[in-house]
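Here are a few friendly notes to read with the model open beside you. Please follow the points in order.

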Amino acid sequence: HSCYMNAALQCLNSAVLFREHFLQECTATGGAGLLGSYRELMDAMWRGDKGIVKPNRLASEMAQICHYLDGRSPQDSQEFLTTLLENLHGNLKTTVPSTAAKEVTSSHNGGSIVSVLFQGQLRSTLVCGKCAKSTDRNDPFMFLPLNVPEESPRTSIWTLEESLQNLIKEECFEENQWFCPQCKNMAGVRRSIEMAAAPELLIVHLKRFKINTFGCREKINTLVEYPISGFELRPNVVDSQDVYDLFAVINHSGTISGGCYTAFCKHGDQWYHFFDSTVTPLKKGKLVTSGAYVLFYHRTQRKPGLCGIPNFGDTCYISAAMQCLFSLAAVQEYVMTWRQHIERSTEDVHTLKAFIHLLNGMGTGQGAPGSYKNDIMCLSAGFKYKTQQDSHEFIIALLDN
């Protein structure tokens, strides 16, 4: 019954920076305790000559911390992963970062490779219903917990972005539910959440298990569509241009009493399916399933030009045209060469300025999607705003202007 452990360990094993930290510090015996057993496991997986490695020592060390996480009975993979990372953090926080982690840890004081790579911050803002003063509080997180609906509220598939929006949406609480430290009164309150700091490695916990009205645990099997690459956190993260690529997934199939955990992990450019001791190549098209339970993302660089344009009410004909125009190398060169000159111009060239501003935002990724609205409105002059139009006619009119 150790599949919950195996799946979690395979996903951590595919986190390159985390893995390299331990491989560079491995000794022949790994050392004592949980930290030593994890180093020993990494060494066996990457430097050993066996096709199958048994994490017996690690399981024994985990049982010393939490007796039921010994691999002998079915348990929750996310709970195992939480316990493992928290205790590795406790053992590592006084150690010197490895060479592989120095670039990431250079701006951090204290902590450990665990907190540096996996820890982010959520900021809660509470606004008093009486005095309207706001109170902020930052809370660290290692797992981003997102609710999964019991069924999609529409005929379309539920998305990861929608679950993220549900986490950060503003909530209102009734009178006398909160004590305001500003006006010293019990009051109603509005609460909003945003991500104050995004981690290097983002772990998303899809909350598929709930307690029903009878006090029993049930599983939610709703399919959540999640991005494989280019997962954008903005505008949900403060001042962030971060994008993330998926590198591992913990899956749960079956029921709570008779379920099984497996892992999808990326090594190099190839994805693999890990089912205990069985490892098979996996096609990218098979990555998104209704069994996805824990998602692992790593921060990556935004590719210039790969930037979506919001639809501000049937303006897709403009978005499609602008994407095609920006794919032309000559247009990109024109924007980069003449941008500052045109933006500073006092001449009446509003359409040209909007064109330049929008394409520059797409190319640099520095423009918030909402800021494109004024550009779209300007470019749609002569066309009925928020009414579907012909994209070809729009291109002709735009180029003429």
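1. Which helix gives the most to the lining of the largest pocket? H1 does, with five residues. Helices here are DSSP runs (H or I, at least four residues), numbered from the N terminus. A pocket is an open set of points on a 1 Å grid over the protein atoms alone, where a 1.4 Å probe fits, with protein on both sides within 12 Å along at least five of seven lines; lining residues have an atom within 4 Å of a point.

2. Please keep in mind that this is a predicted model, in which local features need pLDDT of at least 70, side-chain atom pairs count only at pLDDT 80 or more, and totals for chains, interfaces and linings use all residues. Residues are numbered from 1 along each chain as its sequence is written, and side-chain values use heavy atoms, without hydrogens and water.

3. Back to the largest pocket: 25 residues line it, and Gln10, Met45, Ile52, Val53 and Asp276 are the closest to its centre. Helix H3 (33–47) and helix H4 (56–65) are among the elements that each supply at least two lining residues.

4. Now look at the largest nonpolar core, a set of buried (under 20% relative accessible area, 1.4 Å probe, protein chains only) Ala, Val, Leu, Ile, Met, Phe, Trp, Tyr and Cys residues joined through side-chain atoms within 4.5 Å. It has 48 residues, and Leu84 and Tyr38 are among those that touch the most other members. H1 provides the largest share of this core, eight residues.

5. Another core, of 30 residues, lies apart from it, with Leu122 and Leu246 among its members.

Technical notes. Buried means under 20% relative accessible area, exposed over 50%, partly exposed in between (1.4 Å probe, protein chains only).
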